[in-house]
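Me: I want to learn to read a model like this one, feature by feature. Can you take me through it?

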Amino acid sequence: MKNIKELQFEAITILKQLIAIPSFSSEEEQTALILKLWLERHGIATKQSQHNIYAFNENYDPEKPTLLLNSHHDTVKPNKGYTKDPFIPVELEGKLYGLGSNDAGGCLVALIATFIHFYKEENLSHNIVLVASAEEESSGNNGLNSVLPLLPTIAVAIVGEPTLMQLAIAEKGLVVFDAIVKGTPSHAAHPNTNNSIYKSIETIQWCHEYQFDKISRTLGETKLTLTQINAGKQHNVVPAEVKMVIDVRVNDCYTNQEIAMIIENEIPCDSIKPRSLRLNSSSISKEHPLVQAGIGLGRKVYGSPTLSDQAVLSCPSLKMGPGNSKRSHSADEFIYVKEIEEGIELYIKMITKFLH
């Protein structure tokens, strides 16, 4: 086992290096190299697929079930509200500023430090597999989903996202729909009883009022939100169609396929099509030994409305990590250094209780 204080120092040092290198989704080559070199300095054999880095514990046993530790090293692009340079890591009054510091750099380095801690340990109940994944922010095809076929069957997973180290035992899925309301194009000066924009009012009203019947105990309602409307190019021309985008956050009472069937059957529009059905809701039982290990350390359970790489996992998975989700994608993003240090300690304590 490695000294925890040393691992904490290393994790924060590596996070500063990650912040300094732009790593937008699908552009993570350099951050992948930093993570690979960090692991190799500890004598850990790494594998790479696209910009995903993964590794197995030294005493891997194919007869044992596998625990996955996963977080991502890609970021969104910085928004225009930044007052600090998003690529210069600045430590100030206990906070570490920089793009990706909170989402999800702090979680990633804390999980990697935890993996290093357990790497050589013998007689564990589970194997441990680490995946530092790419393209999480874009739900891209070359992220965690592309690595899973290269891994053994995963029995349970910890996905590192900022949860204040509380236990997100369920996460909403996502389906985005493209809808079209059609009408008759015409000159604005002439009568038109089939104006596509006026017809779209019914669709807008339906989106505003529609409620799904099943309510989850952990995730609440499935939430449907109309997020984009686009129609027309000239002031004097009635457009032939109105295009809409609908965002649906799916609770664990429905599959994405069920949501698509319900909406396709009920929404008043001419056509509607889901962009993807693969980002399903995910959950883990409160009674699972991994969750119980966290509860035993004073952690609280809750349901998360935000999406993560859990969406591509088919096993029970727990979302947990240092940092606060409300800081993600914000201007002047930061994480408290103490949150990372405490996160490493809690990960190690919880996994120790689970694996022994």
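Reply: Start with the naming. Helices and strands are DSSP runs, numbered from the N terminus. With that in hand, Asp332 can be placed: it lies in the loop between β17 (317-319) and β18. Keep in mind that this is a predicted model.

Me: What is the phi of Asp332 near?

Reply: Phi of Asp332 is near 50°, a positive value in a residue other than glycine.

Me: Is Asp332 buried or exposed?

Reply: Buried means under 20% relative accessible area. Asp332 has 16%, so it counts as buried. Now take Ser139, in the loop between β6 and α4 (144-147). Ser139 has a positive phi of about 50° and is not a glycine. Its relative accessible area is 27%, so Ser139 is partly exposed.

Me: On to sheets. What is the strand order in the open sheet of 3 strands?

Reply: The general idea comes before the case. Strands of a sheet pair through backbone hydrogen bonds, either parallel or antiparallel. Here the order is β4-β5-β18, and the pairing is antiparallel. β4 (90-92) and β18 (334-336) stand at the edges with a single partner strand each, so one side of each has no neighbour in the sheet. Neighbouring strands are turned by 25° against each other on average, direction ignored.

Me: How many bridges join β4 and β5?

Reply: β4 and β5 (residues 95-97) pair over 3 bridges, in the antiparallel sense. To find the register, look at Val90: it stands opposite Tyr97 in β5.

Me: Which helices pack on the sheet?

Reply: Helix α1 (residues 4-19) does, touching β4, β5 and β18. The direction of α1 makes about 25° with that of β5. Helix α8 (residues 337-355) also packs on the sheet and touches β4, β5 and β18. The direction of α8 makes about 60° with that of β18.

Me: How do I read a helix? What does α2 reach from its first C-alpha to its last?

Reply: Compare the span with the expected rise. Helix α2 (residues 29-41) has 13 residues and reaches 19 Å, close to the 18 Å expected at 1.5 Å a residue. Then check burial. Thr31, Ala32, Ile34, Leu35, Trp38 and Leu39 are the buried residues of α2. Seen down the axis, they fall within an arc of 160°, so they line one face of the helix. Glu29 and Arg41 are exposed on the other side.

Me: What do the buried residues of α2 pack against?

Reply: Their partners are α1, β1 (47-49), β2 (52-56), α3 (101-118) and β6 (127-133). Just after α2, Gly43 takes a positive phi of about 75°.

Me: How many residues of α3 are buried?

Reply: 18 of its 18 residues are buried. The span agrees with expectation too: 18 residues at 1.5 Å each should cover 26 Å, and the end C-alpha atoms of α3 are 24 Å apart. One peptide bond deserves a check. Ala104 is found in α3, and the bond from Asp103 to Ala104 is cis, with omega near -5°.

Me: Last one. What does Asn127 touch?

Reply: Asn127 sits in strand β6 and is buried, with a relative accessible area of 0%. Not counting residues up to four places away in sequence, Asn127 touches Asn57, Asn59, Tyr60, Asp61, Lys64, Pro65, Thr66 and Leu67. A polar atom of the Asn127 side chain lies 2.7 Å from the backbone nitrogen of Asp61.

Technical notes:
Residues are numbered from 1 along each chain as its sequence is written. This is a predicted model: local features need pLDDT of at least 70, side-chain atom pairs count only at pLDDT 80 or more; totals for chains, interfaces and linings use all residues. Side-chain values use heavy atoms; hydrogens and water are left out. Two strands pair if DSSP finds at least two bridges between them. Helices (H or I, at least four residues) and strands (E, at least two) are DSSP runs, numbered from the N terminus. Axes are lines fitted to C-alpha atoms, for helices over the stretch in contact, and angles run from 0 to 180 degrees between N-to-C directions. Contact means heavy atoms within 4.5 Å. The expected span of a helix is 1.5 Å times one less than its number of residues. Buried means under 20% relative accessible area, exposed over 50%, partly exposed in between (1.4 Å probe, protein chains only). The arc is that of the directions from the helix axis to the C-beta atoms. A polar contact is a pair of N or O atoms within 3.5 Å; within protein, one must be able to donate a hydrogen and the other to accept it, and residues adjacent in sequence count only if both atoms are side-chain atoms.
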